[in-house]
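Good morning, colleagues. Please have the sequence and the structure open while I speak.

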Amino acid sequence: MDDQTTGRAPDAETVSPPAAVPPLAGFTIGITAARRADELAALLQRRGAAVVRAPALRIVPLPDDADLLAATHTLINEPPDIAVATTGIGFRGWIEAAEGWGLFDELTECLAKASLLARGPKAKGAIRAAGLREEWSARSESSVEVLERLLDQGVEGRRIAVQLHGAPLRDFVDSLRAAGAEVVEVPVYRWLPPADLAPLDRLLDACCGGALDAVTFTSAPAVLGLLDRAEQRGLTADLLHALRRDVLPVCVGPITAVPLEELDVPTVWPERMRLGAMVQTLTAELPERSRQLSVAGHRLELRGQAALVDGGLRPVSPAGMALLRALARRPGWVVPRAELLRALPGSGDDEHAVETAMARLRAALGVPRLVATVVKRGYRLAVDPAPGPAPDPDGKYGVAAVRV
């Protein structure tokens, strides 16, 4: 017989009024950015998150980039009719690199004769900072809007310089060439794999092993860098399974999300392609994915490596979280010790390990009666009964409504 009945009064145990809990407390978030990683980490940590940092790529220094220098000479020798600036930092870096090569005047002179198009306000600002003037700027900050304008105007026989933003714009460039344009690609800030792969491997292992709750991407090349490393290590299937199910992929914008969307991995991104907006989107989305239950008269919320009890943060060990998640998958129902043993990380065959981990879990939660012992059978979350519950086959009580 279960040691609790529906007629019993709520636990006499109480939890002290909690201090305000930051919105991302208890969650662990991966950062794949090579640039502005410090800023992104600070924004996440300020909201309570634990952060795992691992650049998925490294940037070729622009003054050392022979491909960029060759493209610059090509355009100076034969100026374009149209030039497209896709990112502010990319266009600005190109101009600064040209200045270092002693080609600033020649490059800006040839661009001044071209029709300059900007893919948004940052690119527009970089154009003006170089002493140039854009003819038009896309309101949506999307390459699609730029492409539609060019095709509507007609590009047959036109020479077009396209400043890339870290990865080839295959569809964009192919569409222009199919319409009869001659396209010169300007490979600004090209990406290479990181010199030290160990941090990326740790992030990849954490993602596949369920130790991350979300992973952030600020560029499509970062997505490709993580996918490439997973393929090299034979972890592609594990990574995609984690990103589709347990780990929330958060991108700075739809362009960044394309490599994941092409693999049927759902992503989220903000309306405005900004770092702060991405963090706000993550802050709104991630807590909504946490599991919340009414247990023994208390409100229990399961986060990545912590639980909230009546709004108070309760850090829990990995073993304790493994048990708690196993119980929460079948809230209110008895979970046998053998099944809980299998859920413990690195478990052997001694069921006493379950008792030890359960004692520590109860201590961490601060309210021992959240988890009920069912003699000779196992344990269960003492879920508060919903109105009009239907008994399970063993005559136990049904579970309350759960929001996932």
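I will go through two open sheets, the helices that pack on them, and then a set of shorter strands.

Please bear in mind throughout that this is a predicted model.

I begin with the parallel sheet. Four strands make up this open sheet, and their order is 2-1-10-11. At the edges stand strand 2, residues 50–53, and strand 11, residues 248–251, each of which pairs on one side only. From one strand to the next, the twist averages 25°. As a general reminder, the strands of a sheet pair through backbone hydrogen bonds, in either a parallel or an antiparallel manner. Within this sheet, strand 1, residues 28–31, is joined to strand 10, residues 214–217, by three bridges in the parallel sense. If you wish to locate that pairing on your screen, take Ile 31, whose bridge partner in strand 10 is Thr 216.

Which helices accompany this sheet? Helix 11 lies across strand 10 and strand 11, and its direction is at about 145° to strand 11. Helix 12, residues 275–288, also packs on the sheet, where it touches strand 1, strand 10 and strand 11. The direction of helix 12 makes about 155° with that of strand 11.

Helix 8, residues 198–208, has a set of buried residues: Pro 199, Leu 200, Asp 201, Leu 203, Leu 204, Ala 206 and Cys 207. I draw your attention to Asp 201, which is included in that buried set. What do the buried residues of helix 8 pack against? Their neighbours are strand 1, strand 2, strand 10, helix 9 and helix 10, the last of these spanning residues 236–245. Just after helix 8 comes Gly 210, with a positive phi of about 85°.

Let me now turn to helix 9 and its contact with helix 11. Helix 9 covers residues 220–232 and helix 11 covers residues 254–261; they pack at an angle of about 25°, and their axes are 7 Å apart. Helix 9 is therefore roughly parallel to helix 11, the cut-off for that description being an angle under 35 degrees. The crossing of helix 9 with helix 11 is right-handed. On the helix 9 side, the contact involves Ala 220, Val 223 and Leu 224; on the helix 11 side, it involves Ile 255, Thr 256, Pro 259 and Leu 260. Sorted by class, this contact has six nonpolar residues, one polar residue and no charged residues.

The next item is the antiparallel sheet. Four strands in the order 12-13-14-15 form this open sheet. Strand 12, residues 291–295, and strand 15, residues 312–315, each have a single partner strand, so one side of each is left without a neighbour in the sheet. Here the twist averages 25° from one strand to the next. Strand 12 runs antiparallel to strand 13, residues 298–302, and five bridges join the two. Val 295, for example, has His 298 in strand 13 as its bridge partner.

Helix 15, residues 352–365, lies across strand 13, strand 14 and strand 15, and runs at about 155° to strand 15. How is helix 15 oriented with respect to helix 13? The axes of helix 13, residues 318–328, and helix 15 cross at roughly 90° and come within 9 Å. The two helices are therefore roughly perpendicular to each other. Gly 320, Leu 323, Leu 324 and Leu 327 of helix 13 meet Val 354, Ala 357, Met 358, Leu 361 and Leu 365 of helix 15. By class, eight residues in this contact are nonpolar, one is polar and none is charged.

I finish with strand 18, residues 378–381, which is covered on both faces. Gly 378 and Arg 380 are buried on one side, and Tyr 379 and Leu 381 are buried on the other. Strand 18 pairs with strand 16, residues 335–336, in the antiparallel sense over two bridges, and Pro 336 stands opposite Gly 378. Strand 18 also pairs with strand 17, residues 371–374, in the antiparallel sense over four bridges; there, Thr 373 stands opposite Tyr 379. The hairpin of strand 17 and strand 18 has three residues between the strands, and in it Lys 376 takes a positive phi near 65°.

One last residue deserves a look. Trp 333 sits in the loop between helix 13 and strand 16. Trp 333 is partly exposed, its relative accessible area being 34%. Although Trp 333 and Val 383 are 50 residues apart in sequence, their C-alpha atoms are 8.8 Å apart in space.

Thank you for your attention.

How values were computed
Residues are numbered from 1 along each chain as its sequence is written. This is a predicted model: local features need pLDDT of at least 70, side-chain atom pairs count only at pLDDT 80 or more; totals for chains, interfaces and linings use all residues. Side-chain values use heavy atoms; hydrogens and water are left out. Axes are lines fitted to C-alpha atoms, for helices over the stretch in contact, and angles run from 0 to 180 degrees between N-to-C directions. Angles under 35 degrees count as roughly parallel, over 145 as roughly antiparallel, 65 to 115 as roughly perpendicular and the rest as oblique. A crossing is left-handed if the near helix is turned anticlockwise from the far one by less than a right angle, and right-handed if clockwise. Contact means heavy atoms within 4.5 Å. Ala, Val, Leu, Ile, Met, Phe, Trp, Tyr, Cys and Pro count as nonpolar, Asp, Glu, Lys and Arg as charged, and the others, Gly among them, as polar. Two strands pair if DSSP finds at least two bridges between them. Buried means under 20% relative accessible area, exposed over 50%, partly exposed in between (1.4 Å probe, protein chains only).
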